[in-house]
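Here are some comments on the structure shown below, written as numbered points that can be followed with the coordinates open beside them.

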Amino acid sequence: MDFSTPDHIQDLVKRTRTFIADEIIPYEKDPRWGEHGPSEDLRAEMNAKAKAAGLFAPHAPKEFGGLGLSHLERSWVFEEAGYSLLGPSAMHCGAPDEGNIHLLNEVASPEQREKYLKPLCQGARSCFAMTEPDGAGADPTMLAATAKVDGNGYVINGRKWFITGAKDSTFVIIMAKIEGGPHDGEATMFLAPMDDPAIVLESQMDTLDTSFAGGHWNMRFDDLRVDADAVLGAPGAGFRYAQVRLAPARLTHCMRWLGSARRAHDTACDYANTRMAFGQILGKHEGVGFMLADNEMDMRTARLSLQQASWLLDQGDRAAEESSMAKVQCSEAIWRIVDNSVQVLGGAGTSAHLPVERIFREVRGFRIYDGPSEVHRWSLARKALKRAAARNG
Ligand SMILES: Cc1cc2nc3c(=O)[nH]c(=O)nc-3n(C[C@H](O)[C@H](O)[C@H](O)COP(=O)(O)OP(=O)(O)OC[C@H]3O[C@@H](n4cnc5c(N)ncnc54)[C@H](O)[C@@H]3O)c2cc1C
């Protein structure tokens, strides 16, 4: 096994690290970064810098100006992007756009690629509407939004919430259940432009996190009329496509948040190296040193786990179990690292004058979205039990 970082990626990693440190971290004090993410003009300004540095949308297909990075290649670059919470927005490699680019690249028709994927790769924003206040959540089969067959198209109705980046998105991917016709009752994905008046943004949600461009939204579809060619891929394949999107998307979350956790850890190490307590630097107190050592081990196992799952995806494997395991391992390790970092920093760790407080708020949600830890464990356990039953005849 070769665990080395390929040469061409080493250069990209170095350039990304320098770009984040020199160009993006200075924006962290910019008032245009509010509680609901960076404003659109701040995002545009950072995007222009990423484009100039040749670091914009590195995961996007080359035909649309990206670098076409493989899943494993993304792991090194996205970790660097995540070193600043603004990095993924700046490089246009954050959620939900990055996952939507992957999904459209896999299943969109030639017309949909031109109409939606191309502008998305070039900097437009998009959203993904699946979760519902009284329907789909951890259990997506509770999907309540409907797409009623109507002539040569569908009429979509339903409410969604937590829809990241809905404001200022140019289009939305909607998950809804078909009513009528040969696919009656089957979950399906639809593409719709956000400027359709039947798409109503009800209200912005106040959440713990602050880095997603556009924040998160309550939204609804009021008799949204779409033609048959608005179906993404095939009718009835919604849950299958959700998996196509989710396995890589949860890994890229692991990569970016690992970068943020490393930033928190670095900040804690710097403090522990200089701050005195009881006659010596904090880091020499075993209680502090052990927290830092635990962080080092957590970062290492998280990185190895996500890289192995990414490598499997690159081999054409679905990596369903491995990406599930990596998601739980990484989201929980990242949480421990950032929590330890706050502890080592004392009061300063909870204050906005260091980046760690914001990182702490940011990473908590990751144990919930892209499948809560409990649901992944539940699913992994079911598979383990099935294997055991098969072993025993
Ligand atoms: C920051 C953020 C961004 C998001 N962005 C989007 C987005 O862009 N688009 C979108 O569609 N959604 C988005 N979501 C929603 C997210 O996908 C859901 O929150 C997630 O799927 C969980 O669904 P739920 O909130 O309805 O929790 P519920 O389904 O109500 O579950 C609540 C809790 O129940 C427990 N639980 C559930 N099932 C089991 C089980 N089998 N065994 C044991 N415990 C269980 C888990 O602890 C879970 O956390 C986002 C959420 C957050 C926090």
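1. Which side chains meet in a salt bridge at 3.0 Å, N to O? They are those of Glu80 and Arg262, and, as you look for this pair, please keep in mind that the model is a predicted one.

2. To place that pair in the whole protein, it helps to begin with the division of the chain, which gives domain 1 (7–94), domain 2 (126–236) and domain 3 (239–391). Between domain 1 and domain 3 the contact takes 23 residues from domain 1 and 25 residues from domain 3, while the centres of these two domains, taken over C-alpha atoms, are separated by 20 Å.

3. The area buried between domain 1 and domain 3 comes to about 2000 Å², and carbon and sulfur atoms give 53% of it. Across this interface there are five salt bridges, and the number of residue pairs in polar contact between the two domains is 14, counting pairs in which both residues have pLDDT 80 or more.

4. On the side of domain 1 that touches domain 3, strand S1 (33–34) and helix H3 (71–81) each supply at least two residues, and H3 gives the most, with eight residues. Sorted by class, this side of domain 1 has nine nonpolar, seven polar and seven charged residues.

5. The structure as a whole holds 26 salt bridges, one of which can be followed within a single helix. Arg43 forms a salt bridge with Glu40, and the closest N and O atoms of the two are 3.2 Å apart. Why are Arg43 and Glu40 separated by about one helical turn? The reason is that they are three residues apart in helix H2 (residues 40–52).

6. A separate place to look is Gly158, which lies in strand S5 (residues 153–164). Leaving aside residues up to four places away in sequence, Gly158 touches Ala145, Met219, Arg220 and Phe221. Gly158 and Lys177, for their part, are 19 residues apart in sequence, and the distance between them in space is 10 Å, C-alpha to C-alpha.

7. Finally, a word on the record: an unreviewed UniProt entry carries the annotation "domain: Acyl-CoA dehydrogenase/oxidase C-terminal", and this annotation covers residues 236–384. Over residues 236–384 the model is 75% helix and 3% strand, and the C-alpha atoms at the two ends are 29 Å apart.

How values were computed
Residues are numbered from 1 along each chain as its sequence is written. This is a predicted model: local features need pLDDT of at least 70, side-chain atom pairs count only at pLDDT 80 or more; totals for chains, interfaces and linings use all residues. Side-chain values use heavy atoms; hydrogens and water are left out. Domain bounds come from an automatic or database domain assignment. Contact means heavy atoms within 4.5 Å. Buried area is the accessible area (1.4 Å probe) that two parts lose on being put together, summed over both. A salt bridge is a side-chain nitrogen of Lys or Arg within 4 Å of a carboxyl oxygen of Asp or Glu. A polar contact is a pair of N or O atoms within 3.5 Å; within protein, one must be able to donate a hydrogen and the other to accept it, and residues adjacent in sequence count only if both atoms are side-chain atoms. Helices (H or I, at least four residues) and strands (E, at least two) are DSSP runs, numbered from the N terminus. Ala, Val, Leu, Ile, Met, Phe, Trp, Tyr, Cys and Pro count as nonpolar, Asp, Glu, Lys and Arg as charged, and the others, Gly among them, as polar. UniProt positions are given in the numbering used here, feature names are shortened, and annotations may be inferred rather than shown by experiment.
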